[in-house]
Every structure is written in structure tokens, then in C-alpha cells.
Amino acid sequence: MDLNGKHIVLGLSGGIACYKAAELCRALIKEGATVQVVMTEAAAQFITPVTMQALSNRPVYGSQWDPREPNNMAHINLSRGADAILIAPCSADFMAKLLHGRADDLLSLMCLARPLERVPLLIAPAMNREMWAHPATQRTMAQLRADGTTLLGVGRGEQACGESGDGRMLEPQELLQDVIAFFQPKSLAGQHLLVSAGPTFEAIDPVRGITNLSSGKMGFAIARAAQEAGATVTLVAGPVALATPRGVHRINVVSALEMMEACVQQADQATVFVATAAVADWRPDTAANQKIKKDGSGQVPHLGFVENPDILATLAQSPRGASGELFCVGFAAESHDLLAHATAKRARKQVPLLVGNIGPATFGQDDNALLLVDAHGATEIPRNSKLALARLLVANIAKRIAQQSA
Ligand code: CTP
């Protein structure tokens with residue numbers, strides 16, 4: 001419940017994307033938020049206030065003359081307790097209204113009358129691609145940003161009008177993630193995080209290979225948490241079918257050698273490297289070009305192995321890693337004696353921080369428990385969802401970086 005205790009005013013202006021606002025309203029509530037819906041007259045042409053009232057479990061407001069408010073000041077009363085006003089969809093016309101501070105309907109009046117320092121304004125634009133690309137819209141957006149409005153971006157693809165391009169409203173789940181991210185502390189602002197995640201796959205022949213049970217979930221959660229914390233994030237992912245977290249740049253790789261190449265290439269721009277990947281320690285010394293066939297003799301093929309390079313140790317012991325310019329964090333997936341193995345691994349890899357976990361208890365699961373090992377000792381982070389742990393770890397890394405540069 002990432003929005004527990006948050007009160008959100010969900011404003012709808014006129015546009016076909018209003019149909020997505022119904023699902024967004026539900027999604028916000030499912031995450032623990034309370035939602036007060038305010039609609040413009042145009043929005044009510046696309047979706048009824050009845051639908052939005054039923055979903056939000058609160059009366060919907062649409063007029064600045066609403067007599068239900070004892071003081072007849074809905075524009076003041078509705079915004080004062082809000083943690084944010086989210087306009088989704090925000091039409092081109094409504095954006096232009098916000099730009100000029102016009103206030104001739106309840107929603108725009110409320111936006112203008114909100115306490116700027118306490119009630120942030122987030123907008124999810126939705127319009128035809130020509131309207132989106134028009135210099136007037138682009139100019140409006142630049143000014144709204146300068147005025148402190150958070151623009152949540154748009155999607156690309158088929159539009160209700162039959163054209164295709166930029167300007168679709170983001171999907172409800174994407175908007176939900178953006179709203180959740182908005183409320184997270186920006187402890188990694190200005191940092192560039194490189195994360196390796198998932199297993200690697202070492203080919204034996206074109207149809208077989210050696211891999212492991214890492215699901216990539218912890219690494220993906222760290223990438224998401226770092227992005228929420230304001231970092232630029234590059235995620236080098238082994239073969240997993242997980243969705244890329246919003247705003248994260250993902251590079252897909254298969255083998256340890258490919259992961260090594262991608263990480264080394266990206267590390268130059270990074271300030272933090274978190275190695276969550278379960279990199280295969282060995283790869284077959286030769287990968288056959290064609291499928292190895294049974295010849296009927298009962299003979300089994302003999303595989304030889306060579307050791308893969310250690311990505312974490314390579315980056316941690318590079319000049320930028322050794323000087324702390326690239327803050328390196330390792331993971332240790334162990335089956336037993338976690339503290340002893342994690343402590344030894346930290347020293348061997350020469351990283352300031354190593355995060356231990358029990359492999360068989362975490363691979364594929366949605367939760368985990370961590371043991372943070374640094375030069376001073378070990379701290380346990382008790383079992384929790386991987387996303388919750390990732391947020392704690394990100395905050396911990398941010399503190400260490402701040403201490404280092406102080
Ligand atoms: N790691 C890496 N490259 C490798 C092997 C490991 O970057 N070739 C990183 C992992 O991403 C992890 C840390 O090193 O952050 C420890 O990985 P782990 O598999 O637990 O340790 P190993 O070094 O492989 O040691 P062992 O197999 O003996 O436990």
C-alpha cells in the first residue's frame with residue numbers, strides 16, 4: 001500500500017482518455033489513497049460523475065457554485081487537505097488555462113487557489129498528436145514546468161482519432177507508478193546507478209545452456225527504487241521476462257561475457273554499481289555451433305568449463321571503483337553461514353558494502369531478508385517485500401555516498 005494516508009484530488013478535464021481515469025481512481029485507492037474527484041463540464045461528456053463517485057466512494061464536484069459546501073467555497077475546501085492534485089486527463093485547453101492562471105471553472109480555480117508549497121500539481125496530458133506537437137502546447141509545457149508543475153509525460157501509439165503518434169495519456173498503471181515515485185524521498189538525485197540483475201545463460205549449443213534460478217526480481221526492485229529516489233538508472237538484465245521499471249534504461253544480455261561488456265561500458269557514466277546478478281561462475285569452454293546429437297551409443301558428451309570474469313571485482317578494483325568515485329555494492333547469495341561468507345566475499349571483492357541473502361529462500365520469491373555487511377560489521381534488514389527492501393537499501397546507499405563526500 002504505497003499511497004497509504006495520501007489524499008489525492010483527481011481532476012478530469014475533457015478528453016476520451018477520461019475512460020482511463022476510472023481505472024486510475026481504483027488503482028490509487030487500492031494503494032491506500034483517498035481520492036476526491038473533480039470534473040470539468042467537458043469531462044462529464046466523456047464519463048459520468050456517477051461512475052467516478054461509485055469508484056471513489058465520495059461525491060464528485062464539478063461546479064464552483066456547488067451548494068453542498070456550507071461556505072460555498074469548494075475550490076478552497078477540496079484542496080487544503082490534499083497531498084497532491086493530479087489532473088488526468090489534462091487536455092491541451094486545460095493546460096493553456098493553467099498556464100494563464102484562468103479560473104472560470106471549479107478545477108482550474110482550485111489549481112490556482114491551492115497553496116503552492118503544500119499541494120503539488122501533477123498533470124497527465126492527453127491529446128491528438130498534432131495538438132501535442134504544436135509549438136503552443138510545447139511552450140505551455142515548458143512554462144508549466146518552470147511554474148513547478150510535474151508533467152507526467154505521454155504515451156505513444158494509436159489514438160482514438162485514428163492517427164498514431166505521441167499524445168496518448170499514459171496507462172493507469174504507469175500513472176500509478178509515477179504518482180508513487182513522486183512521493184518517494186529523492187535521496188539519490190544527481191546519482192547514476194548501474195544495476196546488474198537476473199541470471200546469465202551460458203550456451204552449450206544453440207538449444208541448451210547452463211543457467212541458475214535467479215528471477216531478477218531483487219535487481220529490478222532496486223532499479224525501480226533508485227529511479228523513484230531520483231537517480232538516472234541503467235539496468236543490465238540477464239534473460240528474465242520482467243517488465244522494465246518506469247524511466248529505467250534497460251540493456252538485455254544473455255551470457256556473463258555480454259553482461260561484463262555492457263557493465264564495463266556503462267560504468268564510466270555511473271556513480272553507483274549494484275551487482276545483484278547471479279552471474280554464472282563458469283561457461284562451457286566451447287559452445288557448439290550445431291545441436292549436439294545423441295549418436296545412439298549411450299556415450300555422454302564431456303563438457304569442459306572456463307571461469308567467467310568477475311564483473312563486480314573488475315569494477316570495484318578499477319581506478320574509479322577503488323577511489324570510491326564508483327560506489328560498488330555486491331550481493332552474496334549463499335545457502336549457509338551467511339555472515340561468514342558475506343564477510344569474506346566483501347573482503348575478496350574489495351567492495352565497501354556487501355548485501356547477503358539466502359539464495360534458496362529468495363530466488364523467485366517476492367520477499368527477502370538482507371544482511372548488510374560493511375567494514376564495521378553487519379546489520380540485518382528483516383524479511384519484507386523486495387520493493388520495500390530495495391527502498392531501504394537505496395536510502396542506505398544514499399547515506400553512505402553522502403557521508404563519503406562530506
Ligand atoms: N559477481 C559478478 N561476476 C561474477 C560473479 C559474481 O559480478 N562472475 C557478483 C554478483 O553479482 C554478486 C557478487 O559478485 O554481487 C557475489 O556473487 P556470488 O555468486 O554470491 O559469489 P561468487 O563470487 O560467485 O562466489 P561463490 O560462487 O564462491 O559464492
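**View 1. Parallel pairing of strands E16 and E17.** In this predicted model, strand E16 (residues 327-334) lies alongside strand E17 in the parallel sense, the two being joined over 6 bridges. One bridge can be located by its residues: Glu334 has Ile358 in E17 as its partner. Between the two strands the chain passes through helix H14 (residues 338-349), and the resulting β-α-β crossover from E16 to E17 is right-handed.

**View 2. Surroundings of strand E17.** Strand E17 spans residues 353-358. Of its 6 residues, 5 are buried, and the strand is therefore largely enclosed by the rest of the structure.

**View 3. Antiparallel pairing of strands E17 and E18.** Strand E17 also pairs with strand E18 (residues 367-374). These two strands run antiparallel and are connected by 3 bridges. Within this arrangement, Leu371 in E18 stands opposite Gly356.

**View 4. Packing of helices H10 and H16.** Helix H10 (residues 217-228) packs against helix H16 (residues 386-405) at an angle of about 55°, and their axes are 8 Å apart. The angle falls outside the ranges for roughly parallel, roughly perpendicular and roughly antiparallel, and the two helices are therefore oblique to each other. The crossing of H10 past H16 is right-handed.

**View 5. Residues at the contact between H10 and H16.** On the side of H10, the contact is formed by Lys217, Met218, Ala221, Ile222, Arg224, Ala225, Ala226 and Glu228. H16 contributes Lys386, Leu387, Leu389, Ala390, Arg391, Leu393 and Val394.

Technical notes:
Residues are numbered from 1 along each chain as its sequence is written. This is a predicted model: local features need pLDDT of at least 70, side-chain atom pairs count only at pLDDT 80 or more; totals for chains, interfaces and linings use all residues. Side-chain values use heavy atoms; hydrogens and water are left out. Buried means under 20% relative accessible area, exposed over 50%, partly exposed in between (1.4 Å probe, protein chains only). Helices (H or I, at least four residues) and strands (E, at least two) are DSSP runs, numbered from the N terminus. Two strands pair if DSSP finds at least two bridges between them. A crossover is right-handed if, with the strands pointing away from the viewer, the path from the first strand over the helix to the second runs clockwise. Axes are lines fitted to C-alpha atoms, for helices over the stretch in contact, and angles run from 0 to 180 degrees between N-to-C directions. Angles under 35 degrees count as roughly parallel, over 145 as roughly antiparallel, 65 to 115 as roughly perpendicular and the rest as oblique. A crossing is left-handed if the near helix is turned anticlockwise from the far one by less than a right angle, and right-handed if clockwise. Contact means heavy atoms within 4.5 Å.
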